[in-house]
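Work through the exercises below with the model open. Try each task before reading its solution.

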Amino acid sequence: MIRGRQQFGVESLNIGSSRREAADLDGRSQRRHLRCYRARRPPADETLGLCEVVRARGGPPIGARYSTTVRTCERYAKEARLVPLEAGGAPAVIGTEAEQPLSAFVADASAAGVEPFAQDVLRNRQRTSSRGGVLKAAAALRYAQILVEAGVELSRDVPLLFADEARMVAVANKLRSVPGNGMSDVRLGYFWRLLGDDDVIKPDRMVLRWLEGILGRRPSVPEARAVLVETAATFGCTPWELDHAVWHAQRSRRPVISSDSATSRKYRAHQGRWRDEVLGLPAGPPTTSRTRSATGDSMLPAVHDGVRAEDAGWNLMSQAAVDYARARVPVIKAAEGMVETDRLWRNMLSSQPLAFSIVGEMRAHCEIALEVLSELSGHHLVAFDRVETGGDPWSLDGLQAEWAPPRLEHTCDRSGFDIAAAVRTSDDRRMIITVEVKYTDRFSASAFEPARYLEALRYVGIDVTRAERIVAAGGSQFLRSVLLTDSVRRGGKSGVDPLDAALAVVLSRDDDRTAARVVQGVAEEQPTVSVAWWGLGAFLDVVGRHGELADWVDAMRARYLPDTDRAAPIR
């Protein structure tokens, strides 16, 4: 099914219509250009059974990293004793006796049972959605059963299905009902893309919508196919490449907020795609009336199908995180802490749900959490501890999100920590690790008055001149965090329950040069408190070494780090 394609990155294709009525593509006597991605399909997508696994494993690349998808496919191929497909080796298998009928995949999965098939064969227990989805193995099996019922057994049956419009509609309607399809048939469209070859394509809703904008009317599927085939020939590319380029361009169109930086625009669009394609939810209203749009691309709906965002927990990345957040929020409010529930449950671009997702999952795996913190901090940590700072609800019990000690006992401002951990080292030293989490958030630019913090600055060994240098470099928020961290280490003004060591951290995207620069600026002033910058990708690398959290790590990467190749760590 797959023929060799050159990887030629991005080039501009001049899309002219093959039909006279669409000669003027944009209505202004100008020709429209489309950025076309000629990407080779993953080598695992060579047989229908493996296409099922790929479709359910994550759909378009937003839902799962392809390296993980390929490994999942390879596990099934090994179990089923399929002939390995090396690069360019499809012709040796597709259309021969070596190609596995789709009914054999159905038989394998059914005989094993969905749960054992996911656990023991695919070794992947991910679900179509973190909130109420089914096992992806179950979705793959149901897809395969529907296709077998429609007479699709081998690759040679696919063109016949594509050519039979009535049968195609009936099959699509059944596939659409399988959990995990997402908004606008994104995953279903991607599945057709896996099945088609260079010349046999099935334009989906995204492609039809794009052509409708050009032609001024909705084309039929056969007509759209004819237009794409004829147009592709004029550009010297295959129909599949053109179809894929249109689909990719249409998928990439997102609402734009004019005040967004390039970085915010990129990640807002990515969160919007996650909402569309993974959660299958419409956009919700923004949290502020200053936003002109009625909905925000990176905002979840407050209520959908009668279910509240808070009850569903769509914005958090595991059930453990949802359960933790529900228990934690009342404690934070009792301590007059900084938690905004609308931001937590609906704002996908916020660092707050990111922090709760991390803490909730890590608390469910305490031994792993200690190993991760040990590696990142450079300290051999053996247990979580408890810090008594004013008693409940202010005490720090182990690892927590959104924690702050009593203000009047410490720096007398509203500073707090996105994440805080009280731990013990192997030599029985007590330590606090505090973390400021940044996703696309900027550091607070609120004024820093050194005169208010003279005593706290003296304890960390920074005089007013050096503090002003840090503030001038944009580090006022992190400097406050460092001062509060040290105050907790000392036991506050009363000296109650002091600790032996402290570490103040900023956790951000690996390409966040501002965060790295802010931490470096504080470090250069040589405070008595240790400071560090951790990249989110590097953090997930460490967590991912523990196999039981591999699926969670993959989901976190897909949600928060859209680029396949993470930026090199900034030194």
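## Exercise 1: Helix α5

Gly151, just after α5, takes a positive phi of about 85 degrees. The model is a predicted one.

Task: Compare the expected span of α5 with the distance between its end C-alpha atoms.

Solution.
- Step 1. Helix α5 covers residues 136–149, which is 14 residues.
- Step 2. At 1.5 Å a residue, α5 should span 20 Å.
- Step 3. The end C-alpha atoms of α5 are 20 Å apart, so the two values agree.

Task: Which residues of α5 are buried?

Solution.
- Step 1. Apply the cut-off: buried means under 20% relative accessible area.
- Step 2. The buried residues in α5 are Lys136, Ala137, Ala139, Ala140, Leu141, Tyr143, Ala144, Ile146 and Leu147.

## Exercise 2: Helix α12 and its contact with α23

Task: Describe α12 on its own, from its span to what follows it.

Solution.
- Step 1. The 18 residues of α12 should span 26 Å at 1.5 Å a residue.
- Step 2. Its end C-alpha atoms are 25 Å apart, which agrees.
- Step 3. Helix α12 is mostly covered, with 14 of its 18 residues buried.
- Step 4. Gly280 follows α12 and has a positive phi, near 65 degrees.

Task: How are α12 and α23 oriented to each other?

Solution.
- Step 1. Two packed helices are described by the angle and the distance between their axes.
- Step 2. The axes of α12 (residues 262–279) and α23 (residues 550–560) come within 8 Å.
- Step 3. They cross at roughly 125 degrees.
- Step 4. Roughly perpendicular runs from 65 to 115 degrees, and roughly antiparallel needs over 145.
- Step 5. The helices α12 and α23 are therefore oblique to each other.
- Step 6. On the α12 side, Tyr267, His270, Gln271 and Trp274 make the contact. On the α23 side, Ala555, Ala558, Arg559 and Tyr560 do.
- Step 7. By class, this contact of α12 with α23 has five nonpolar, two polar and one charged residues.

## Exercise 3: Arg218

Task: Where is Arg218 placed, and is Arg218 buried, partly exposed or exposed?

Solution.
- Step 1. Arg218 lies in the loop between α9 (205–215) and α10 (221–235).
- Step 2. The relative accessible area of Arg218 is 42%, so Arg218 is partly exposed.

Task: Which residues does Arg218 touch, not counting residues up to four places away in sequence?

Solution.
- Step 1. Arg218 touches Arg205, Leu208, Arg209 and Glu212 on that count.
- Step 2. Leu208 is 10 residues from Arg218 along the chain, and their C-alpha atoms are separated by 6.9 Å.
- Step 3. With Glu212, the Arg218 side chain makes a side-chain polar contact (3.3 Å).

Definitions and conventions: Residues numbered from 1 in each chain as written. Predicted model: local features only at pLDDT ≥ 70, side-chain atom pairs only at ≥ 80, totals over all residues. Heavy atoms only, no water. Axes fitted to C-alpha atoms, helices over the stretch in contact; angles between N-to-C directions. Helix = DSSP H or I, 4+ residues; strand = E, 2+ residues; numbered from the N terminus. Parallel < 35°, antiparallel > 145°, perpendicular 65-115°, else oblique. Contact = heavy atoms within 4.5 Å. Nonpolar A, V, L, I, M, F, W, Y, C, P; charged D, E, K, R; others polar. Expected span 1.5 Å × (residues − 1). Buried < 20%, exposed > 50% of the residue type's maximum accessible area, 1.4 Å probe, protein only. Polar contact = N/O pair within 3.5 Å; in protein donor to acceptor, adjacent residues only side chain to side chain.
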